[in-house]
Amino acid sequence: MKELLDSVCNGRSEVLVVRGEPGIGKTTLLDQAVERASGFQVARATGVESEMELPYAGLHQLCRPMLDRLALLPAPQQEAASSAFGLAGGRSPDRFLVGLAVLSLLSEASEQAPVLCVIDDAQWLDRASAQVLAFVARRLLAERVGLLFATRERNEDLQRLPELLVEGLADADARALLASVLLLPLDEGVRERIVAEAHGNPLALVEWSDFLSPAELAGGFGLPALRAVSGRLEDGFRRRLADLPVATQRFVTVAAAEPTGDPALVSRAAAKLGAGEANGSPAVEAGLVELWPKVSFRHPLVRSVAYRLASIDDRRAVHRALAEATDPDTDPDHRAWHRALAAPGPDEEVAAELERSAVRARARGGLAAAASLLERSAALTPRSAGSGPSPPQRPTLRLVRSSRPSPCLPPPRPDRSTSSAAPLSNSSEGIPRPLTVTFGTRRISSSARRNGSSGSTCCSRVTPTSTPSARR
Ligand SMILES: Nc1ncnc2c1ncn2[C@@H]1O[C@H](COP(=O)(O)OP(=O)(O)OP(=O)(O)O)[C@@H](O)[C@H]1O
Ligand SMILES: [Mg+2]
C-alpha cells in the first residue's frame, strides 16, 4: 500500500485489486491505505448487492465528489457521463465515452492533488461500473491517480489487473488476535481448536469470541449456532450449502453439531443417518468443509449456518446419532451433551448424566462449563406436578439460579474500542447478578463483568456455603 501511494505521489498511476475471502481483512487494508493517504483526494465507492442491477450505481458513488468538473469535459463525454449518472435524460450512454469521461475527471482532479479511488466489495459492483473502471485502470498512465479495489472473488472485468491475494494470519498472530478479544480465560485445547478452524481469518477469530458464550469458550461445549451473526456473510454460505445434495447437507449438519471435529466420530454418526463419509466429498469440493486431519469448516459461519439450516427434528436426530456414536467410556461428557440436545423434553436420566458431567467439568477446573451443563440439566429435569412424587434429589450438586435468564452470558458488550484489547482481571468486585452453582458445601459464582472504562473481565469465585437448595 505504501509503495502504491508513494508511486502515485511521484506521478505514476497505480492499480491494485485486493482479493480474499470474507473477513480476511480487505476493508481493513483499504482503510489503512486511506489513513496513510495524507494530501490525497480520496473518492470511495462500495459495491452493494442490491444495486448490482443498477447500471453505473457504483461509478456514480465514486465520481460524485468530482462531478463539478463535468463542465470542463468535451461535450460527448459530458453527455455520456450525465446520462450514465442520471443527471440528464437521453439514450443509454456509450460505455466507451463514459470511460473516457471518468478518465478525464480523474485526470482533471489529479492536477490539484493526487487522487486515491477506493472501491470496496467490488464483487457487488454493477457490471457497467466494473467494466468502465477496468477500462480506466488500463489507461491510467502519468496521472497521479491510484485505483484500489477489494473483492471477495475473481471478477471477470478486473481479472487482468495487478492483484494482491490476502491470506490468513500466521498462527502466532491469530493467537494474539484471539487473545486480544477474549473476555474470559480460555483453556488451551479450545483456543487451539478456534485458531485451527479460523485458518487465520481475522473475522472468524473475532466472531468466535463474540458469538460463543463464556461457557462454550471455557468448556468447549455447545454450538455457535443460535446467535445472530453477520447476515451478509451468512447468506453466501447458506446458498452454497443449499446447493449441496441432501445427503451431503446431512453429513455437514452432523459435522456442524460435533465440536471436536473427530473425523471417525462424524463419519460413524453420519452413517447412522444414511449419509456416510463419501457424502462429505461434495462439501469438500465446494470449499466449505475439510475432512482431514480434522473435520473443520472453511469459515466458522459455515458451521453455524449449516446447523441452522436443519430443522429442529433433524438436529435432534443428528445429536442422537452423535450420542450413539460417542464412546461413553472415553468421552462421557460430549455424549451427555449430545443426548441433552437430542431430548425433545424433560428426561430425568439425561439430566442426571449431565450433572455427572458437570462434576467432572468442575474437577477439571471448568467452572463455566459446569455451569452450562447444570443449566441444561436443570432444564431437562422433569418438574413434579401438583402433589405427585418429586424427582430424585442429587445432593452433590445444586444450582441456585439468579434472576438472570442465561447464567453464563455476560452483560451487554461495551463499546468494542474500549474492550477488545483490555487485559483480563481476576477482580471479583461488583459482579452483576451472578449465577451461583453449589457443589456440596462450596458455592461457585461464575459471572463475567466488564468495568466500563477499562473493559476488564472477571470470573470464578469460590466461597464456602451451606445453603441447601434444589437443583431446579
Ligand atoms: N490484520 C488484522 N489484524 C487484526 N484484526 C483484523 C486484521 N484484519 C482484519 N481484522 C479484523 O477482522 C474483521 C474483518 O476484517 P474486514 O472487514 O477488513 O474483512 P473483509 O475482508 O473486508 O471482509 P468482507 O469480505 O466481509 O468485506 C474486522 O473486525 C477487522 O477489524
Ligand atoms: Mg470488507
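## Helix α17 and the α13–α16 packing

The buried residues of helix α17 are Asp333, His334, Arg335, Ala336, Trp337, His338, Arg339, Ala340 and Ala342. The helix runs over residues 332-342 and is mostly covered, with 9 of its 11 residues buried. The model is a predicted one.

Helix α17 belongs to a chain with 20 helices and 11 strands. Of the 472 residues in this chain, 46% are buried. Counting contacts between residues at least 6 apart in sequence, 72% join residues that are at least 24 apart.

A pair of packed helices is described by the angle between their axes and the distance between the axes. For α13 and α16 the axes are 8 Å apart and the angle is about 125°. This angle is over 115 but not over 145 degrees, so the two helices count as oblique to each other. The crossing of α13 past α16 is right-handed.

The residues that make this contact are listed by helix below.

| Helix | Residue range | Residues in the contact |
|---|---|---|
| α13 | residues 263-272 | Leu265, Arg268, Ala269 and Lys272 |
| α16 | residues 312-325 | Ala321, Leu322, Glu324 and Ala325 |

By type, the residues of the contact between α13 and α16 comprise 5 nonpolar and 3 charged, with no polar ones. Leu265 and Ala269 of α13 are among the nonpolar residues, as are Ala321, Leu322 and Ala325 of α16. Arg268 and Lys272 of α13 and Glu324 of α16 count as charged.

Note on methods: Residues numbered from 1 in each chain as written. Chains lettered and ligands numbered in written order. Predicted model: local features only at pLDDT ≥ 70, side-chain atom pairs only at ≥ 80, totals over all residues. Helix = DSSP H or I, 4+ residues; strand = E, 2+ residues; numbered from the N terminus. Buried ≥ 20, exposed ≤ 12 C-beta atoms within 10 Å, placed from the backbone. Contact = placed C-beta atoms within 7 Å. Axes fitted to C-alpha atoms, helices over the stretch in contact; angles between N-to-C directions. Parallel < 35°, antiparallel > 145°, perpendicular 65-115°, else oblique. Left-handed = near helix turned anticlockwise from the far one by under 90°.
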